[in-house]
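I opened this model to look up its fold, its cores, its charged pairs and its backbone angles. My notes follow in the order in which I looked.

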Amino acid sequence: MLTGPAVAAVLDASGWEGERRNPAKQWATTWRRDDAHAWIQGDGPVEVEFTLWHWEVEDERPDPDTYIDDLYDAASAELPRVVAQLESGALGARLETVDEDLTDGADYIDHTAWRIADKVLLAGVKHDDTDAPVQLVVVMREYGTGEQDDAGEWL
């Protein structure tokens, strides 16, 4: 199971710097290494999200609606490179492609997801709301942490 202290220990041992500690938790919840960011979300099992690439929407141009598709295209163009690195990396031989929605209900512009034992590994492009940055993220979480309805949607 992915626990906050276990993930924090791995990040720390891998050279990530803990930045912010939630007073209710015994581990740092935000991490940084060079230009990449990581967040440990939840209580247990936790989800770990790594932001590899982001563009602040409001910083690019005065009217984001006129160029947001360009940001989506730029982020989506980076996704195949990240997917190839994941597939050829240390976990590559264990990644299993499945015919089910592994997004856990999250809305991604584009994504690729795999099962790996009892976990989900997902690489995707997202834009959570109009003020949030467009991001390329890699997410690791437990498989099936929620329940699905009859249509296969996570509740």
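Is lysine 119 buried or exposed? I looked this up and found that lysine 119 is buried, with a relative accessible area of 15%; I use buried for under 20% relative accessible area, exposed for over 50% and partly exposed for what lies in between, with a 1.4 Å probe and protein chains only.

**Ground rules.** I note that this is a predicted model, in which local features need pLDDT of at least 70 and side-chain atom pairs count only at pLDDT 80 or more, while totals for chains, interfaces and linings use all residues. Residues are numbered from 1 along each chain as its sequence is written, and side-chain values use heavy atoms, with hydrogens and water left out.

**Overall fold.** I listed three helices and seven strands in the protein, taking helices (H or I, at least four residues) and strands (E, at least two) as DSSP runs numbered from the N terminus. Read along the sequence, they follow the pattern α-β-β-β-β-α-α-β-β-β. Of the 155 residues in the protein, buried residues make up 40%. I also looked at contacts (heavy atoms within 4.5 Å), and among those with a separation of 6 or more, residues 24 or more positions apart account for 42%.

**Salt bridges.** Side chains of opposite charge can pair when their charged atoms come close. I applied the rule that a side-chain nitrogen of Lys or Arg lies within 4 Å of a carboxyl oxygen of Asp or Glu, and the count came to seven salt bridges. Returning to lysine 119, I found its side chain in a salt bridge with aspartate 118, at 3.0 Å from N to O; aspartate 118 is partly exposed, with a relative accessible area of 40%.

I next looked up lysine 126, which forms a salt bridge with glutamate 49, the closest N and O atoms being 3.0 Å apart. This pair links distant parts of the chain, since lysine 126 is in strand β6 (residues 119-126) and glutamate 49 is in strand β4 (residues 47-55), 77 residues apart. Both lysine 126 and glutamate 49 are buried. The side chain of lysine 126 also meets that of aspartate 128 in a salt bridge of 3.5 Å, N to O, and aspartate 128 counts as exposed at 53% relative accessibility. I therefore recorded a buried partner, lysine 126 at 10% relative accessible area, and an exposed one, aspartate 128. Glu49, Lys126 and Asp128 are linked in a network of salt bridges.

**A charge over a ring.** The charged end of arginine 115 sits over the ring of tyrosine 143, 3.5 Å from its centre; the cut-offs are NZ of Lys or CZ of Arg within 6 Å of the ring centre and within 35 degrees of the ring normal.

**Nonpolar cores.** In soluble globular proteins, nonpolar side chains tend to be buried together. I took a core to be a set of buried Ala, Val, Leu, Ile, Met, Phe, Trp, Tyr and Cys residues joined through side-chain atoms within 4.5 Å. In the largest such core, of 32 residues, Val7, Leu11, Trp16, Trp31, Ile40, Phe50 and Val134 touch the most other members. Helix α3 gives the most to this core, with six residues. Not counting residues up to four places away in sequence, valine 7 touches Leu2, Ile40, Val46 and Val48.

A second, separate core of eight residues includes Leu102, Tyr108, Val120 and Leu122. Leucine 122 lies in strand β6 and is buried, with a relative accessible area of 2%. With the same neighbours in sequence left out, leucine 122 touches residues including Leu102, Tyr108, His111 and Val138.

**Helix α3.** I checked the length of α3: at 1.5 Å times one less than its number of residues, its 21 residues should span 30 Å, and its end C-alpha atoms are 31 Å apart, which agrees. Among the buried residues of α3 are Ile68, Leu71, Leu79 and Val83.

**Backbone angles.** Most residues other than glycine have a negative phi. I found that phi of aspartate 34 is near 55 degrees, a positive value; aspartate 34 lies in the loop between β2 and β3 and is exposed, with a relative accessible area of 66%. Alanine 117 has a positive phi of about 60 degrees, lies in the loop between β5 and β6, and is exposed at a relative accessible area of 53%.
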